[in-house]
Amino acid sequence: MNENLKMFLQKVAADEEKQAKMQSFTDMDEAYEYAATVQEGFTKEEFTELMTKIKDFASQNNDEINDDDLANVAGGTSTSACIARAATAATAAVTMSLLAV
């Protein structure tokens with residue numbers, strides 16, 4: 001996974017305001033535009049692909065993502081605990097709302 005995308009997830013995980021903002025989006029384009037202001041250095045395609053993977057994992061696991069599954073989404077990185085916090089705190093909710101449309 002793109003290192004800048006990981007940094008974005010870490011920033012969202014650490015900030016409740018960013019989590020709330022991400023959860024407020026109903027459009028993937030708007031979510032990406034905001035995400036790019038939080039952390040530069042990843043494409044819309046990379047962002048959308050990650051959101052889709054997280055949504056797929058959440059759907060398969062009754063909207064819950066465990067650390068192992070999230071590590072697989074992140075390419076088996078050692079930062080799965082931090083990414084897991086981001087996913088459970090914000091990203092899973094965002095992707096569910098964005099991709100449910």
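How many aromatic pairs does the structure hold? The structure holds 6 of them, and this tour visits two before turning to charged side chains. Keep in mind throughout that the model is predicted.

**Whole chain**

Start with the protein chain in cartoon view. There are 6 helices and 0 strands to find. Following the sequence from start to end gives the pattern α-α-α-α-α-α. Next, colour the residues by accessibility. Of the 101 residues in the protein chain, 42% are buried. Switch on the surface: the protein chain exposes about 5300 Å², and 44% of that area comes from carbon and sulfur atoms. Contacts can be listed too. Taking those between residues at least 6 apart in sequence, 57% join residues at least 24 apart.

**Stop 1: Phe8 and Phe47**

The tour now returns to the aromatic pairs, of which there are 6. Select Phe8 and Phe47 and show their side chains. Their rings form an edge-to-face pair, 6.0 Å from centre to centre, with 70° between the planes. Which helices does this pair tie together? Phe8 belongs to helix H1 (residues 3-13) and Phe47 to helix H4 (residues 44-60), so the pair joins parts that lie 39 residues apart in sequence. Are the two residues buried or exposed? Phe8 has a relative accessible area of 1% and is therefore buried, since the cut-off for buried is under 20%. Phe47 is buried as well, at 0%.

**Stop 2: Tyr32 and Phe47**

Keep Phe47 selected and add Tyr32. These two form a tilted aromatic pair, 5.8 Å centre to centre and with 55° between the planes. Tyr32 sits in helix H3 (residues 28-38) and Phe47 in helix H4, so this pair links parts of the chain 15 residues apart. Tyr32 and Phe47 are both buried. Now add Phe42 and Phe8 to the selection. Phe8, Tyr32, Phe42 and Phe47 are linked into a cluster by ring pairs.

**Stop 3: Lys21 and Tyr34**

Select Lys21 together with Tyr34. Here the charged end of Lys21 sits over the ring of Tyr34, at 5.9 Å from the ring centre.

**Stop 4: salt bridges**

The count of salt bridges is 4; three of them follow, beginning with Asp15 and Lys18.

Select Asp15 and Lys18. Their side chains meet in a salt bridge, with 3.1 Å from N to O. Both ends are partly exposed: Asp15 has a relative accessible area of 24%, and Lys18 has 22%.

Move on to Asp29 and Lys44. The side chains of this pair form a salt bridge of 2.0 Å, N to O. Where in the chain are the two partners? Asp29 is in helix H3 and Lys44 in helix H4, 15 residues apart, and the pair links these distant parts of the chain. Asp29 counts as partly exposed at 34% relative accessibility, and Lys44 does too at 32%.

Finish with Glu49 and Lys53. The closest N and O atoms in this salt bridge are 3.3 Å apart. How far apart are Glu49 and Lys53 along helix H4? They are 4 residues apart, which means a separation of about one helical turn. Glu49 is partly exposed, with a relative accessible area of 44%. Lys53, at 35%, is partly exposed too.

Conventions:
Residues are numbered from 1 along each chain as its sequence is written. This is a predicted model: local features need pLDDT of at least 70, side-chain atom pairs count only at pLDDT 80 or more; totals for chains, interfaces and linings use all residues. Side-chain values use heavy atoms; hydrogens and water are left out. Helices (H or I, at least four residues) and strands (E, at least two) are DSSP runs, numbered from the N terminus. Buried means under 20% relative accessible area, exposed over 50%, partly exposed in between (1.4 Å probe, protein chains only). Contact means heavy atoms within 4.5 Å. Accessible areas come from the Shrake-Rupley method with a 1.4 Å probe; for residues, only the protein chains shown count as cover. Rings of Phe, Tyr and Trp (its six-membered ring) pair if their centres lie within 6.5 Å; planes under 30 degrees apart count as stacked, over 60 as edge-to-face and the rest as tilted. A charge sits over a ring if NZ of Lys or CZ of Arg is within 6 Å of the ring centre and within 35 degrees of the ring normal.
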